[in-house]
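User: I am new to this structure and would like a close look at a single part of it, namely the places where helices from separate chains pack together. Please go through them slowly and connect what you find.

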Number of protein chains: 4
Amino acid sequence: MSLTAVVLNGTLKHTPAISNTRSLTDMVGEILDSLGTQVEVVRLIDFEIPFGVNSDEGAGDQWPEILAKLRTADIVIFATPIWMNQRSSVMQRTMERLDGTLAEGNAKDGQYPLYGKVAGAIVTGNEDGAQGVAAGLLYDLQRLGCVVPPNADCYWVGDAGPGPSFIIAGGHAHHFTRRRVRYMAHSLVEMARILREHPLTTNLRELTEQADEESTGSRQQRHGDGCDW
Amino acid sequence: MSLTAVVLNGTLKHTPAISNTRSLTDMVGEILDSLGTQVEVVRLIDFEIPFGVNSDEGAGDQWPEILAKLRTADIVIFATPIWMNQRSSVMQRTMERLDGTLAEGNAKDGQYPLYGKVAGAIVTGNEDGAQGVAAGLLYDLQRLGCVVPPNADCYWVGDAGPGPSFIIAGGHAHHFTRRRVRYMAHSLVEMARILREHPLTTNLRELTEQADEESTGSRQQRHGDGCDW
Amino acid sequence: MSLTAVVLNGTLKHTPAISNTRSLTDMVGEILDSLGTQVEVVRLIDFEIPFGVNSDEGAGDQWPEILAKLRTADIVIFATPIWMNQRSSVMQRTMERLDGTLAEGNAKDGQYPLYGKVAGAIVTGNEDGAQGVAAGLLYDLQRLGCVVPPNADCYWVGDAGPGPSFIIAGGHAHHFTRRRVRYMAHSLVEMARILREHPLTTNLRELTEQADEESTGSRQQRHGDGCDW
Amino acid sequence: MSLTAVVLNGTLKHTPAISNTRSLTDMVGEILDSLGTQVEVVRLIDFEIPFGVNSDEGAGDQWPEILAKLRTADIVIFATPIWMNQRSSVMQRTMERLDGTLAEGNAKDGQYPLYGKVAGAIVTGNEDGAQGVAAGLLYDLQRLGCVVPPNADCYWVGDAGPGPSFIIAGGHAHHFTRRRVRYMAHSLVEMARILREHPLTTNLRELTEQADEESTGSRQQRHGDGCDW
């Protein structure tokens, strides 16, 4: 059975506006496809996703259907433009919704819905901030249960100050970016193949019980507002 | 004439839900008020603010009326909860809209709409991340034209891991936070009083022309997509 | 053959001063040991490590012998205190030296010396900043070739403002920290066992050649000052 | 009496090696000089500065003489290269030493040694990370008592991936960087002139006493290990 990858695109622009982030994503998708991986790209802003920190915020919320896609994927990739040196608000809104999954450890081993998936990040911007944004996204995905393999990200940014964006600047032919696109796609697929054969099985439930026994403070103090982390 | 301060609250929760960020904001507001400053708090999520990077995104957009408040204030304070170690998506959406003001230098001196205002930051979270979030907010506000005085922020976070939030944890009586609230309010007011008497007058337009003359590249290359930074 | 782990401790204090970071490291080491992993902790400040960005900075440089330990380990863990919301200068000096390995891809596949190792991070501080520091360390280790599994870090920080450090504050009994210590150790070992059986084999040399063919710019422009990234 | 500015250069290279950071610093220095400000640049790595978090670490420590320069300056500028997306270790070592000044409030008003000085940041790198590094430096300087005016930083970085550094890349003629150099120098001088006429006078000692009265916890708990923040 072939691998599957889901990419969340955090552009601020609705379909059909051209998204630079989507354009770089397509470069990665092409290599993933050539390696036998089925790729689906979700443009987050086209969906109704209320602000919040739960996996389901009620009537009209389309986040649960996107989360369902992530749950079945082998590879999850978060793609975002940089605005004011940060991930986009659309991407951050999604991360806040994923916070909800930290309280949804499964009954058997306490692991989160994204446990054992392979994570990647794609970042575009006129200038500066790509590594900081990628570091934050990959850290969050690791917290949510994902594995971050070597060369897990790719990005394009221009030099200091304002300037043309990825497509107009000819970023497709930028050597560093092309290298990173290939490194990233190959690394994600190799790791996902290994993990499909040898899934991670750490039992958080047991480890939490061991930690409970050796710690101070009441359970309520320990687990706070109901959020598991 | 008394000073005015506008606080933008980036909580994810609509009125009338209790906001921990608002609660800490009120502590700052009380001191500001005692120092003769009129304070207005804007709960961003209660307004219709489309995603985007312009100062006006068209019909139904309520951001222009909030931006108008910022334009007339002496002090602007950005208050946000921490989610996944970042400013909230609601706060980030606002920063993206403020990006639009970087292209709106006034005709006389090229300065941005927030030029010369005094900036502060307020941050709350269950745990960790307050300084990083405050550093980012204050940096952005400086970019947008504001002055950041000493002790420009206050925050509360609990110790490592999940736990109760500001109000339930009794953060109001936390010594460090109380100190920072007082330092911040006094510092913002002192700086605003000085700047009202002695406004900043750097002429970006002239300086840009001087830089133009001594640089390489066409004007188009220099100024990119129309964004001034 | 048993697994091996090397921990680099970035404390600012020379032996025999007590290191809070070492104390938390020992908690992780104990669990690693119970899982059949041999652990060696290197207190960086006790060694002669010149500032620089090469793997060998000449006579008297003790970094090469520490790098040799990393090269043979299955698991590499970077442990640091937080100062001014950042990793310690001693830890940053080490990362700068590791920059040198980015130019040392092996002849066969171009992979870096740390390729395929499993990475973790340990962070301690009086207050705030742990997640940002851990995110940066893990991102760097991923760049250097490591795999970052789920739950790859553990940390302890007190609540907002100055206060007692890890040991005096009784951080050893802090529930969240104990949980993370166990999660981290088990996750690192499980991933290292899988990778020992099924090593990563992505060939960067081939992928770089493919990228070379489809890109603009001379090789010199592409590879810059000799640094590979 | 003319204004004075002290720039700390955090390059990793000893004199007489060419420093890209110094080269950009000189561009700022030239404008500062033309505005009647005396500029002194300190190349930190040329001095004996032990790791530590106190203002004086004993025999042979040359940090006290550099700190003395900062104490008398109107403007303090921190200049650093980017390594692995961070400020240099040499710059971070200096910030750790400045942590010591947080415990050195003066007897009258409790303010720190850098109180009321105007702060700026200069950043250079092959690629990416400048804004994040500048944000961190300016935040720290604000914590230490400085005022951060609008346009308080300037930087140069190339586009994504490895490449030539500032000097070789012709960064001196880069339009954005030239603009920022001018904005920064003019803004720092204007703010310093205002503050020389109208010095900040917030009394932290009084505000701390007010906070003490309204808070919970013992003084020891409040002030922790002796560090004031």
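Analyst: What follows goes through the helix contacts between chains and then turns to some of the residues around them. The model is a predicted one, and every value given here is computed from it.

A pair of packed helices is described by two quantities, the angle between the axes and the distance between them. Helix α3 of chain A, which covers residues 89-99, packs against helix α3 of chain B, also residues 89-99, with the axes 8 Å apart and at an angle of about 180°. The helices α3(A) and α3(B) are therefore roughly antiparallel to each other. On the side of chain A the contact is made by Ser89(A), Gln92(A), Arg93(A) and Glu96(A), and these meet Ser89(B), Gln92(B), Arg93(B) and Glu96(B) in α3(B). In character, the residues of this contact divide into four polar and four charged, with no nonpolar residue among them.

Arg93(A), one of the residues in that contact, also has its charged end over the ring of Phe51(A), at 5.6 Å from the ring centre. In chain D, Arg93(D) likewise lies over the face of Phe51(D), 5.6 Å from the centre of the ring. As for α3 in chain C, 11 of its 11 residues are buried, and the helix is mostly covered; among the buried residues are Ser89(C), Gln92(C), Arg93(C) and Glu96(C).

Phe51(A) and Glu96(A) appear again in the surroundings of Leu12(B), a residue that touches both of them. Leu12(B) is found in the loop between β1 (3-9) and α1 (20-34) of chain B, and it counts as buried because its relative accessibility is 10%. Setting aside residues up to four places away in sequence, its contacts also include Gly52(A) and Val53(A) from chain A, together with Ile45(B), Trp83(B) and Ser89(B) from chain B. Although Leu12(B) and Ser89(B) are 77 residues apart along the chain, their C-alpha atoms are separated by 8.0 Å.

Another helix contact joins chains B and D, where the axes of α4(B) and α4(D), each covering residues 130-143, come within 9 Å and cross at roughly 100°. That crossing angle makes α4(B) roughly perpendicular to α4(D). Among the residues that meet here are Ala134(B), Leu138(B) and Tyr139(B) in α4(B), and Ala134(D), Leu138(D) and Tyr139(D) in α4(D). The residues of the contact between α4(B) and α4(D) divide into eight nonpolar, four polar and two charged.

Key: Residues are numbered from 1 along each chain as its sequence is written. Chains are lettered from A and ligands numbered from 1 in the order in which they are written. This is a predicted model: local features need pLDDT of at least 70, side-chain atom pairs count only at pLDDT 80 or more; totals for chains, interfaces and linings use all residues. Side-chain values use heavy atoms; hydrogens and water are left out. A charge sits over a ring if NZ of Lys or CZ of Arg is within 6 Å of the ring centre and within 35 degrees of the ring normal. Axes are lines fitted to C-alpha atoms, for helices over the stretch in contact, and angles run from 0 to 180 degrees between N-to-C directions. Helices (H or I, at least four residues) and strands (E, at least two) are DSSP runs, numbered from the N terminus. Angles under 35 degrees count as roughly parallel, over 145 as roughly antiparallel, 65 to 115 as roughly perpendicular and the rest as oblique. Contact means heavy atoms within 4.5 Å. Ala, Val, Leu, Ile, Met, Phe, Trp, Tyr, Cys and Pro count as nonpolar, Asp, Glu, Lys and Arg as charged, and the others, Gly among them, as polar. Buried means under 20% relative accessible area, exposed over 50%, partly exposed in between (1.4 Å probe, protein chains only).
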